[in-house]
Amino acid sequence: MEIAPQGPRAARLRQRKFELLRRFPIPPDLLPGSLSLTHRRCGQPTCHCATDKKGHPVWSLTFMAEGKKRVERIPNEWVEEVQRLVDAGREFKQAVAEVFAANAQLLALGRRQQGL
C-alpha cells in the first residue's frame, strides 16, 4: 500500500512523526482506530442498491485525530493491509499501557518497601 500525501500539512505531520520516532522506538506504520464494513446506497435510481436493502459494501477506518473523530473510506485492495496495521496498532497501544501500569505499580511497591 503506497500512500504519500503531499503539501505543507503532510510535510508538518511527517516532520513531527519522525521527531517522535527518533525520540521513541515507535513502529512507524501502525494505525489507530477500527476498520469496519458498512453498506451504502449510491443514489442511482437504476442501480441494484436502489431496491436491494444492503447497498454497496464500503470499508471505513474510524479514528481520533486532534481531538476529533475521523472516518476515512478504505479501498477494497487496501483492506487486508489496513486491518493488519490496525491490529498491530492496538497491540502496541495495549503493550504501552501495560508498561505504564507496571511502572506505576513498581513505583508503589518500591515506596512501600522503603516505608515511605
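Ser60 sits in strand E2 (residues 56-65) of this predicted model, where strands are DSSP runs of E with at least two residues and helices are runs of H or I with at least four, numbered from the N terminus. At a relative accessible area of 8%, Ser60 is buried; the labels used here are buried for under 20% relative accessible area, exposed for over 50%, and partly exposed in between, with a 1.4 Å probe and protein chains only. Setting aside residues up to four places away in sequence, Ser60 touches Ser34, Leu35 and Ser36 on one stretch of the chain and Val71, Glu72, Arg73 and Ile74 on another. A contact here is a pair of heavy atoms within 4.5 Å.

A few ground rules on the numbers. Residues are counted from 1 along each chain as its sequence is written, and side-chain values use heavy atoms, with hydrogens and water left out. Since the model is predicted, local features need pLDDT of at least 70 and side-chain atom pairs count only at pLDDT 80 or more, while totals for chains, interfaces and linings use all residues. As for pLDDT itself, the predictor's confidence in each residue from 0 to 100, the chain averages 88, and 96% of its residues reach 70 or more. Among the elements, strand E3 (residues 68-74) has the highest mean at 97, and helix H1 (residues 8-23) the lowest at 84.

Helix H2 takes up residues 79-113, 35 residues in total. From first C-alpha to last, H2 reaches 50 Å, close to the expected 51 Å; that expectation is 1.5 Å times one less than the number of residues. Val79, Val82, Leu85, Val86 and Gly89 are buried in H2, and their cover includes strands E1 (34-40), E2 and E3. Val79, for one, is in contact with Leu35, Trp59 and Ile74, leaving aside neighbours within four places in sequence. Just after H2, Gly115 takes a positive phi of about 70°.

Some of those H2 residues turn up again in the largest nonpolar core, a group of seven: Leu35, Leu61, Phe63, Ile74, Val79, Val82 and Val86. E2 and H2 are the elements giving two or more residues to this core, with H2 supplying the largest share, three. A nonpolar core means a set of buried Ala, Val, Leu, Ile, Met, Phe, Trp, Tyr and Cys residues joined through side-chain atoms within 4.5 Å. In soluble globular proteins, nonpolar side chains tend to be buried together.

On the charged side, the structure holds five salt bridges, each a side-chain nitrogen of Lys or Arg within 4 Å of a carboxyl oxygen of Asp or Glu. One of them pairs Glu19 with Arg16 at 3.3 Å, N to O. These two are three residues apart in helix H1, so about one helical turn separates them. Both ends are partly exposed, Glu19 at 33% relative accessible area and Arg16 at 46%. Another bridge joins Lys17 to Asp29 at 4.0 Å, N to O. Because Lys17 lies in H1 and Asp29 in the loop between H1 and E1, this pair ties together parts that are twelve residues apart in sequence. Lys17 is partly exposed, at 32%.

H2 has a bridge of its own, between Asp87 and Arg90 (3.5 Å, N to O). The two residues are three places apart in the helix, about one turn. Asp87 is partly exposed at 32% relative accessibility, and Arg90 is likewise partly exposed, at 36%.
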